[in-house]
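Could you walk me through this model in my viewer, one selection at a time? I would like to know what to click on next and what I will find there.

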Amino acid sequence: MQKNKAGSFGSIKNHLNSIYDSEKINTDLYARKIKKLISDFNISNKLQKEFNWSEDTVLLISYADSIYSSKKNHTLKTLKSFHKDYFDNVFDCVHILPFFPSSGDGGFSVMDHGEVDKKYGDWKDIKLYSKNKNIMADIVINHSSSKGIWFQNFLKGQEPGKNHFFIIEDKFDTTNVIRTRDHNLSQRFKVNGTYKNLWCTFSEDQIDLNFKNPDVLLDFIKIIIDLIDKGVLILRLDAVGFLWKETSTECLNLPQTHSIIKILRNVVDSLNIKAKIVTETNLPRKENLSYFGDSDEAHWIYNFSLAPLLVYTLLFENCSILSRWSKSMPPSRNGSAYLNFIASHDGLGMRPIEGILNNAQTKTFFRRIKKNGGKFSHRKFMKINKKVYESNISLFNVLKYSDTDLEGKYSIDRFIAAHCIMFAMEGIPAVYFNSMFGTEDDYERYKDTKHKRDLNRYKWNKETLEKLLKVKKSKEYKIYNSLTKILEIRKKQPAFHPNAIQFTLSLGDDVFGLWRQSIDRSQSIFSITNVTSNYIKFDLNNINLIQDEHWQDILNPKNEIRINRKIELKPFQSIWLTNKS
């Protein structure tokens, strides 16, 4: 466990001073208010609690209604029941995507962090779920719904919310602002009788909050503490990189944003029930890594580059770029970890490949995705130009066909190979609910809503899915059983601890390899994947198998492993060779 370096009054005040002008804002007063919130919580929760991650830690990503029942139960009850029946031995953590009342954007236009949307259930459902599983919840910290109480009060000049939203003054220069969407950043609203231009990073319905008002920060600290009190142990800070705005800057990753995260880290580390902070920063590598701070910001950061690079590797059957990127990634420090994922509720992010794939490779990539049925969402770039921000397509569909496999003969094999590589990498693996069944694009919903992200947000009927899982020839059965089996094996291997040593092997363009070693050095695992549609003779002399130890393939126990011999790898086959199973 990473000990709290600075959960003190003085440290919180120092961070507040680095954010705010102490001559205009009484930072001493706000530091005392924060300290009191911590103290009050600890008095009410005297028993200490914390979960420490290990090789057993695997995260399920799901909407509260990713699965629903014809019996019309609250969907949180249905999800919990399905989790118990089908995922109990696989996922010890579950990210329940925003379950609060919302006006749009798949729940990310939050109207009130203090309530559970009644169509999903109530706080009792969250608390019951948290008794056996570690719950991750979203803190939608950058913006709030235009239909929410804060914004409605803001328009009237009333509390709470009177000064909670960011007004763009006439002198504010937005020329250099980095955009994630292509709508107008500035939206006009009538505020207390006068028209004002308000900052809207993501949509006209999602109004950016004004963290230059310290009451906004204080309100979010209250939200965080309340969620922890209700059983949430993992806090995902959504779109956190955009929090602070300064004229003539990119308004992204500014020092004040990092200081705010440091304060939140101070708070959670000071509570008797210790939660983990996860930053969601869909950015190129260097900026994303900065959110670890000096082990005083995020506990986990999303490994955003992995998904597009892994998809690129398997579509074009060449792992050279993935290997080069993997070698460049620094190991996480103790007390920090990468959160690895290759599919989520959003599209396939393309910002993280900037600077990794060149223009020709990127165009070829986009062309293949489009052939596989993908749509594209754009962001404004340099005032009038646009760049692809993400591809909207399910993971199964994006891997279904390739230039060398136009019929999709190896679609399931590619899909499983992608997960085998992700499961073997340093960090905590996270799997999207729909990926567990190879769910394809939801064209019907997309036709109705015209929202591109809805392609990848299929909602399963529980009874329908359970029937499919009983049919051995169904795609859903094959993928569910393959992934659960692999994860059950993975969870027993100390070499797959999120902080276990990792080295990326140089095995050529056709074979991607990792060497993982447990923290106590007792177990080694060599993860080897054929990323091509060809049969390959792999020479075991290419990896350092210690001569005097017995090696076995834990994914395929019938494989006979003899040192100094060649083994045959089928198209897209993975092997996990270990000296200690």
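Start by selecting Phe154: this residue is buried, with a relative accessibility of 3%. Keep in mind as you go that you are looking at a predicted model. Now add Phe151, which is buried as well, at 1% relative accessibility. Show both side chains as sticks and look at the rings: Phe151 and Phe154 make a stacked aromatic pair, with 5.7 Å from centre to centre and 25 degrees between the planes. Colour helix H5, residues 149-156, and the spacing makes sense: the two residues are 3 apart in this helix, so about one helical turn separates them.

Next, select Phe503 and Trp515. Here is another stacked aromatic pair, with the centres 5.4 Å apart and the planes at 15 degrees. This time the partners come from two strands: Phe503 belongs to strand E20 (residues 501-505) and Trp515 to strand E21 (residues 511-517), so the pair ties together parts that are 12 residues apart in sequence. Is Phe503 buried or exposed? Neither label fits, because its relative accessible area of 46% makes Phe503 partly exposed.

How many aromatic pairs does a search of the whole structure find? The count is 42. For a group of rings, select Phe82, Tyr86, Phe87, Phe91, Phe433, Phe437, Tyr458, Trp460 and Tyr480 together; ring pairs link these residues into a cluster.

Now for charges over rings. Select Trp123 and Lys230: the lysine lies over the face of Trp123, 5.0 Å from the ring centre. Then move to Phe396 and Lys475, where the charged end of Lys475 sits over the Phe396 ring at 4.8 Å from its centre.

For the last stop, switch to cartoon view and pick out strands E15, E16 and E17. These 3 strands form an open sheet with antiparallel pairing, in the order E15-E17-E16. At the edges are E15 (348-349) and E16 (375-381), each of which pairs on one side only. Zoom in on E15 and E17 (residues 385-392): the two run antiparallel and are joined by 2 bridges. Which residue of E17 is the bridge partner of Gly349? Select Glu390 to see it.

Finally, add helix H11, residues 359-371, to the view. H11 packs on this sheet and touches E15, E16 and E17. If you draw axes, the direction of H11 makes about 140 degrees with that of E16.

Note on methods: Residues are numbered from 1 along each chain as its sequence is written. This is a predicted model: local features need pLDDT of at least 70, side-chain atom pairs count only at pLDDT 80 or more; totals for chains, interfaces and linings use all residues. Side-chain values use heavy atoms; hydrogens and water are left out. Rings of Phe, Tyr and Trp (its six-membered ring) pair if their centres lie within 6.5 Å; planes under 30 degrees apart count as stacked, over 60 as edge-to-face and the rest as tilted. Helices (H or I, at least four residues) and strands (E, at least two) are DSSP runs, numbered from the N terminus. Buried means under 20% relative accessible area, exposed over 50%, partly exposed in between (1.4 Å probe, protein chains only). A charge sits over a ring if NZ of Lys or CZ of Arg is within 6 Å of the ring centre and within 35 degrees of the ring normal. Two strands pair if DSSP finds at least two bridges between them. Contact means heavy atoms within 4.5 Å. Axes are lines fitted to C-alpha atoms, for helices over the stretch in contact, and angles run from 0 to 180 degrees between N-to-C directions.
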